[in-house]
Amino acid sequence: MSSLEAKIDRQKLPRHIAIIMDGNGRWAQEKGQDRLYGHFHGVESVRDIVEGCAELGVGYLTLYAFSTENWDRPANEVNGLMELLVDTIRKEVETLNRNNIRLDVIGDTAMLPEYAQQELREALDMTAANTGLRLVMALSYSSRWEMVEAVKKIAVDVQQGLLQPADIDQAVLSKYLCTSEFPDPELMIRTSGEYRISNFLLYQLAYAELYFTNVRWPDFRKENLYEAILDYQQRERRFGKTSAQVQEAPL
Ligand code: IPE
Ligand code: IPE
Ligand code: MG
């Protein structure tokens, strides 16, 4: 066990970690390579971080892999990313099963090419019975898309008399989001030195601790994850209360 890993308090692990995996393109370009080369190497980081989370006993890991807005990138990058996605899923399903990891997907997957949708469906089915880490891939995902979808579904249910407007509260709204099966993330990590949320889990991150690092995603490894978790464990989460209140009755 590394010295950083040993410092982590296992009783205070974030139950759900969300990561904006950013910086693949710059990492590649700094090496004089094509952006896709960066995405390709980013898969190594995904493997390492999934393994790290599973080893620690983190319950949920959500990875922002492709945003709604990323569809507007040059066609060769989008196509390359889709192929990489399918190829990676095909290769990794066995490892996921061996490690009892269940794959989930959030996002507008109907936008994905048919071959990618099929590969995803198979991977979801093949890992559905696993009871360990839940690995949630945000694919063709954006919060604003998700919220619009939720509002449409709520409107339909109200129209059909299944739901009364007066009964809509935060718990009900959460059920209409793609993340209805998952607790809100306690820790959100963004790599590569950008200090923004970029349409990721806007509702769910309301009280998440945010951690930003300059490390580019293809260089991000377990040790960097441990640093982020240790930083998280130093924070006092107050949820609107005062520090004294939180110390009297820890949440
Ligand atoms: C993140 O890396 C991966 C995706 C958005 C698919 P980027 O591709 O955004 O890399 P930079 O930010 O341009 O360096
Ligand atoms: C966010 O990164 C999306 C993913 C990591 C999948 P972007 O690189 O697309 O975000 P912006 O454009 O810098 O905000
Ligand atoms: Mg980026």
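This report describes the surroundings of two ligands in a predicted model, followed by three individual residues.

**Ligand 1**

The shell around ligand 1 is made up of 13 residues, and the closest of them are Asp22, Gly25, Arg26, Arg35 and Arg73. Sorted by class, this shell holds five charged residues, five polar residues and three nonpolar ones. Several helices take part in it: helix 2 (24–30), helix 3 (35–56) and helix 4 (75–98) each contribute at least two residues. Helix 2 gives the largest share, with three residues.

Oxygen atoms of ligand 1 have polar partners on both side chain and backbone. On the side-chain part, a polar atom of Asp22 lies 2.8 Å from an oxygen atom of the ligand. On the backbone part, an N or O atom of Gly25 is found 2.9 Å from an oxygen atom of ligand 1, and a polar backbone atom of Gly23 is 3.3 Å from an oxygen atom of ligand 1. Taken alone, ligand 1 would expose 380 Å², of which the protein buries 87%. The space that ligand 1 takes is the largest pocket.

**Ligand 2**

Ligand 2 is surrounded by Ile20, Met21, Asp22, Tyr64, Ala65, Phe66, Ser67, Asn70, Arg73, Arg190, Arg196 and Ser198. Asp22 and Arg73, listed here, are also among the closest residues to ligand 1. The shell of ligand 2 divides into five nonpolar, four charged and three polar residues. Strand 2 (residues 60–67) supplies the largest share of this shell, namely four residues.

Three side chains place an N or O atom by an oxygen atom of ligand 2. They belong to Ser198, at 2.6 Å, to Arg196, at 2.8 Å, and to Arg190, at 3.3 Å. On its own, ligand 2 has 390 Å² of accessible area, and the protein covers 78% of that. As with ligand 1, the space taken by ligand 2 is the largest pocket.

The polar pairs described for the two ligands are collected below.

| Ligand | Protein atom | Distance to a ligand oxygen atom |
|---|---|---|
| Ligand 1 | Asp22, side chain | 2.8 Å |
| Ligand 1 | Gly25, backbone | 2.9 Å |
| Ligand 1 | Gly23, backbone | 3.3 Å |
| Ligand 2 | Ser198, side chain | 2.6 Å |
| Ligand 2 | Arg196, side chain | 2.8 Å |
| Ligand 2 | Arg190, side chain | 3.3 Å |

**Two loop residues with positive phi**

Most residues other than glycine have a negative phi. Asn199 is not a glycine, yet its phi is positive, at about 70°. Asn199 belongs to the loop between strand 5 (187–190) and strand 6 (209–212). Because its relative accessibility is 13%, under the 20% limit, Asn199 counts as buried.

Leu201 lies in the loop between strand 5 and strand 6 as well. Leu201, also not a glycine, has a positive phi of about 45°. With a relative accessibility of 1%, Leu201 likewise counts as buried.

**A buried lysine**

Lys222 is part of helix 8 (residues 222–234). The relative accessible area of Lys222 is 15%, so this lysine is classed as buried. Its side chain makes a polar contact of 2.6 Å with the side chain of Glu51.

Notes: Residues are numbered from 1 along each chain as its sequence is written. Chains are lettered from A and ligands numbered from 1 in the order in which they are written. This is a predicted model: local features need pLDDT of at least 70, side-chain atom pairs count only at pLDDT 80 or more; totals for chains, interfaces and linings use all residues. Side-chain values use heavy atoms; hydrogens and water are left out. A residue is near a molecule or strand if one of its heavy atoms lies within 4 Å of it. A polar contact is a pair of N or O atoms within 3.5 Å; within protein, one must be able to donate a hydrogen and the other to accept it, and residues adjacent in sequence count only if both atoms are side-chain atoms. Accessible areas come from the Shrake-Rupley method with a 1.4 Å probe; for residues, only the protein chains shown count as cover. On a 1 Å grid over the protein atoms alone, a cavity is a set of points where a 1.4 Å probe fits but cannot get out, and a pocket is an open set with protein on both sides within 12 Å along at least five of seven lines; lining residues have an atom within 4 Å of a point. A molecule sits in a cavity or pocket if more than half of its atoms lie within 2 Å of its grid points. Ala, Val, Leu, Ile, Met, Phe, Trp, Tyr, Cys and Pro count as nonpolar, Asp, Glu, Lys and Arg as charged, and the others, Gly among them, as polar. Buried means under 20% relative accessible area, exposed over 50%, partly exposed in between (1.4 Å probe, protein chains only).
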